[in-house]
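Below are some comments on the model, written for a colleague who will want to follow the side-chain arrangement point by point. They take up burial, aromatic rings and nonpolar packing in turn.

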Amino acid sequence: MSSVPDNPALAVEEQRTERGRATRRVALVSGVVNALLSVAQVVTGLIAGSAALVADGVHSASDLLSDVLVWFAARQAAQAPDKDHPYGHGRFETAATLGLGILLGVVAFGIVWNGIERLLDPNRPIPGEIALVVAAIGIAAKESLYWYTIAVARRLKSEMLRANAWHHRSDAISSVVVLIGVAAAVM
(Lines give C-alpha, C1' and ligand atoms only; values in the text may rest on other atoms or scores of the structure.)
Protein backbone atom coordinates (compact mmCIF):
# COMPACT_ATOMS: atom_id res chain seq x y z
CA MET A 1 0.00 0.00 0.00
CA SER A 2 1.32 3.42 -0.97
CA SER A 3 1.88 6.16 1.61
CA VAL A 4 0.70 8.77 -0.91
CA PRO A 5 -2.89 9.88 -0.28
CA ASP A 6 -5.45 9.27 -3.03
CA ASN A 7 -6.36 12.95 -3.00
CA PRO A 8 -3.60 15.08 -4.66
CA ALA A 9 -4.80 18.22 -2.86
CA LEU A 10 -4.42 16.43 0.47
CA ALA A 11 -0.90 15.33 -0.50
CA VAL A 12 0.07 18.95 -1.27
CA GLU A 13 -1.45 20.08 2.04
CA GLU A 14 0.51 17.44 3.98
CA GLN A 15 3.74 18.39 2.18
CA ARG A 16 3.24 22.10 2.93
CA THR A 17 2.43 21.35 6.58
CA GLU A 18 5.49 19.09 7.00
CA ARG A 19 7.72 21.67 5.30
CA GLY A 20 6.49 24.35 7.69
CA ARG A 21 6.95 22.09 10.72
CA ALA A 22 10.49 21.10 9.72
CA THR A 23 11.49 24.70 9.00
CA ARG A 24 10.08 25.96 12.29
CA ARG A 25 11.90 23.14 14.11
CA VAL A 26 15.21 24.28 12.56
CA ALA A 27 14.49 27.88 13.61
CA LEU A 28 13.63 26.78 17.15
CA VAL A 29 16.80 24.66 17.54
CA SER A 30 18.86 27.52 16.13
CA GLY A 31 17.20 30.01 18.47
CA VAL A 32 17.87 27.88 21.55
CA VAL A 33 21.53 27.32 20.56
CA ASN A 34 22.02 31.03 19.82
CA ALA A 35 20.41 32.08 23.12
CA LEU A 36 22.53 29.67 25.20
CA LEU A 37 25.68 30.52 23.27
CA SER A 38 25.04 34.24 23.62
CA VAL A 39 24.72 34.00 27.40
CA ALA A 40 27.86 31.84 27.66
CA GLN A 41 29.88 34.17 25.43
CA VAL A 42 28.82 37.41 27.11
CA VAL A 43 29.22 36.11 30.68
CA THR A 44 32.58 34.45 29.94
CA GLY A 45 33.76 37.49 27.98
CA LEU A 46 32.95 39.76 30.92
CA ILE A 47 34.59 37.44 33.45
CA ALA A 48 37.67 36.79 31.28
CA GLY A 49 38.02 40.38 30.12
CA SER A 50 37.54 39.59 26.43
CA ALA A 51 35.78 42.34 24.51
CA ALA A 52 35.93 40.14 21.39
CA LEU A 53 34.02 37.34 23.11
CA VAL A 54 31.44 39.79 24.48
CA ALA A 55 30.99 41.18 20.95
CA ASP A 56 30.62 37.63 19.61
CA GLY A 57 27.98 36.99 22.29
CA VAL A 58 26.06 40.11 21.30
CA HIS A 59 26.33 38.93 17.69
CA SER A 60 24.89 35.52 18.70
CA ALA A 61 22.04 37.33 20.45
CA SER A 62 21.36 39.31 17.28
CA ASP A 63 21.15 36.01 15.38
CA LEU A 64 17.94 35.38 17.27
CA LEU A 65 16.42 37.97 14.91
CA SER A 66 17.13 35.76 11.89
CA ASP A 67 15.75 32.74 13.76
CA VAL A 68 12.52 34.61 14.48
CA LEU A 69 12.36 35.73 10.83
CA VAL A 70 12.74 32.13 9.60
CA TRP A 71 10.17 30.81 12.10
CA PHE A 72 7.64 33.52 11.16
CA ALA A 73 8.16 33.06 7.41
CA ALA A 74 7.78 29.27 7.73
CA ARG A 75 4.58 29.71 9.70
CA GLN A 76 3.13 32.09 7.11
CA ALA A 77 4.29 30.03 4.10
CA ALA A 78 2.64 26.90 5.53
CA GLN A 79 -0.81 28.48 5.41
CA ALA A 80 -3.24 27.09 2.87
CA PRO A 81 -4.21 29.15 -0.18
CA ASP A 82 -7.05 31.57 0.48
CA LYS A 83 -9.07 34.20 -1.36
CA ASP A 84 -6.26 36.79 -1.19
CA HIS A 85 -3.47 34.28 -1.93
CA PRO A 86 -4.91 31.70 -4.34
CA TYR A 87 -1.45 30.24 -5.06
CA GLY A 88 -0.51 29.99 -1.39
CA HIS A 89 1.79 31.96 0.87
CA GLY A 90 5.15 30.66 -0.38
CA ARG A 91 6.43 34.15 -1.17
CA PHE A 92 6.94 34.69 2.55
CA GLU A 93 9.96 32.38 2.25
CA THR A 94 11.26 34.42 -0.70
CA ALA A 95 10.92 37.68 1.24
CA ALA A 96 12.60 36.12 4.29
CA THR A 97 15.47 34.88 2.10
CA LEU A 98 16.00 38.43 0.86
CA GLY A 99 15.86 39.69 4.45
CA LEU A 100 18.44 37.11 5.55
CA GLY A 101 20.74 38.18 2.71
CA ILE A 102 20.51 41.82 3.77
CA LEU A 103 21.10 40.81 7.39
CA LEU A 104 24.24 38.87 6.36
CA GLY A 105 25.57 41.98 4.62
CA VAL A 106 24.92 44.17 7.65
CA VAL A 107 26.54 41.61 9.99
CA ALA A 108 29.62 41.39 7.73
CA PHE A 109 29.97 45.17 7.77
CA GLY A 110 29.58 45.21 11.56
CA ILE A 111 32.24 42.54 12.03
CA VAL A 112 34.73 44.44 9.88
CA TRP A 113 33.97 47.75 11.60
CA ASN A 114 34.25 46.22 15.09
CA GLY A 115 37.52 44.49 14.18
CA ILE A 116 39.06 47.73 12.92
CA GLU A 117 38.01 49.56 16.09
CA ARG A 118 39.52 46.84 18.31
CA LEU A 119 42.70 46.70 16.26
CA LEU A 120 43.25 50.42 16.74
CA ASP A 121 42.50 50.36 20.50
CA PRO A 122 45.84 50.55 22.38
CA ASN A 123 44.18 49.72 25.75
CA ARG A 124 42.97 46.23 24.93
CA PRO A 125 42.93 44.07 28.09
CA ILE A 126 44.50 40.61 27.98
CA PRO A 127 41.69 38.03 28.21
CA GLY A 128 41.71 34.92 30.38
CA GLU A 129 42.26 31.49 28.82
CA ILE A 130 38.64 30.42 29.48
CA ALA A 131 37.70 32.81 26.67
CA LEU A 132 39.54 30.45 24.27
CA VAL A 133 37.39 27.50 25.34
CA VAL A 134 34.12 29.38 24.93
CA ALA A 135 35.23 30.80 21.57
CA ALA A 136 35.99 27.24 20.39
CA ILE A 137 32.59 26.06 21.65
CA GLY A 138 31.00 28.91 19.69
CA ILE A 139 32.72 27.76 16.50
CA ALA A 140 31.58 24.17 17.02
CA ALA A 141 28.00 25.26 17.80
CA LYS A 142 27.71 27.52 14.75
CA GLU A 143 29.26 24.96 12.43
CA SER A 144 26.90 22.29 13.79
CA LEU A 145 23.97 24.61 13.14
CA TYR A 146 25.24 25.08 9.59
CA TRP A 147 25.31 21.32 8.88
CA TYR A 148 21.92 20.70 10.51
CA THR A 149 20.27 23.59 8.67
CA ILE A 150 21.83 22.85 5.27
CA ALA A 151 20.74 19.20 5.50
CA VAL A 152 17.12 20.22 6.09
CA ALA A 153 17.40 22.95 3.42
CA ARG A 154 18.54 20.39 0.85
CA ARG A 155 15.81 17.93 1.82
CA LEU A 156 13.10 20.60 1.59
CA LYS A 157 14.74 22.49 -1.29
CA SER A 158 14.40 25.66 0.81
CA GLU A 159 16.42 28.69 -0.25
CA MET A 160 15.42 30.43 2.99
CA LEU A 161 16.99 27.67 5.09
CA ARG A 162 19.99 27.57 2.76
CA ALA A 163 20.52 31.31 3.39
CA ASN A 164 20.17 30.79 7.13
CA ALA A 165 22.64 27.88 6.99
CA TRP A 166 25.19 30.15 5.32
CA HIS A 167 24.45 32.72 8.00
CA HIS A 168 25.49 30.09 10.57
CA ARG A 169 28.63 29.33 8.53
CA SER A 170 29.57 33.03 8.38
CA ASP A 171 29.08 33.19 12.15
CA ALA A 172 31.42 30.22 12.58
CA ILE A 173 34.04 31.95 10.43
CA SER A 174 33.73 35.19 12.40
CA SER A 175 34.10 33.15 15.59
CA VAL A 176 37.34 31.69 14.18
CA VAL A 177 38.57 35.27 13.86
CA VAL A 178 37.54 35.87 17.49
CA LEU A 179 39.39 32.70 18.57
CA ILE A 180 42.55 33.80 16.76
CA GLY A 181 42.30 37.28 18.27
CA VAL A 182 41.74 35.94 21.79
CA ALA A 183 44.61 33.43 21.38
CA ALA A 184 46.93 36.19 20.16
CA ALA A 185 45.94 38.40 23.08
CA VAL A 186 46.47 35.58 25.60
CA MET A 187 49.93 34.84 24.16
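1. A residue is called buried here if its relative accessible area is under 20%, exposed if that area is over 50%, and partly exposed in between. The model is a predicted one, and S175, at 2% relative accessibility, counts as buried because this value is under 20%. S175 is placed in helix α5, and, once its neighbours within four places in sequence are left aside, the residues in contact with S175 are D56 and I139.

2. Turning to the aromatic rings, the pairing rule, which requires ring centres within 6.5 Å, gives a count of two aromatic pairs. One of them joins Y146 and W147 in an edge-to-face arrangement, with 5.0 Å from centre to centre and 80 degrees between the planes. Y146 is buried, with a relative accessible area of 4%, whereas W147, with a relative accessible area of 48%, is partly exposed.

3. Y146 also pairs with W166, again edge-to-face, the centres lying 5.2 Å apart and the planes making an angle of 65 degrees. Which parts of the chain does this pair link? Y146 belongs to helix α4 (residues 130–156) and W166 to helix α5 (residues 159–186), so that the pair links distant parts of the chain, 20 residues apart. W166 is partly exposed, with a relative accessible area of 42%.

4. Taken together, Y146, W147 and W166 form one aromatic cluster. A further residue to inspect beside this cluster is R169, which lies over the face of Y146, at 3.8 Å from the ring centre.

5. As for nonpolar packing, which residues of the largest nonpolar core touch the most other members? That core has 13 residues, and the ones in question are V70, L100, V152, L156, M160 and L161. Helices α1 (8–48), α2 (51–77), α4 and α5 are the elements that give two or more residues to this core.

6. V70 deserves a separate look, since its contacts can be listed individually. With neighbours within four places in sequence left aside, V70 is in contact with the core residues L100, M160 and L161, and also with T23, A27 and N164.

7. Apart from the largest nonpolar core lies another core, which is made up of eight residues. Its members include L53, A131, A135 and V182.

Conventions
Residues numbered from 1 in each chain as written. Predicted model: local features only at pLDDT ≥ 70, side-chain atom pairs only at ≥ 80, totals over all residues. Heavy atoms only, no water. Phe/Tyr/Trp six-rings, centres within 6.5 Å; stacked < 30°, edge-to-face > 60°. Buried < 20%, exposed > 50% of the residue type's maximum accessible area, 1.4 Å probe, protein only. Helix = DSSP H or I, 4+ residues; strand = E, 2+ residues; numbered from the N terminus. Lys NZ or Arg CZ within 6 Å of the ring centre and 35° of its normal. Core = buried A, V, L, I, M, F, W, Y, C linked by side-chain atoms within 4.5 Å. Contact = heavy atoms within 4.5 Å.
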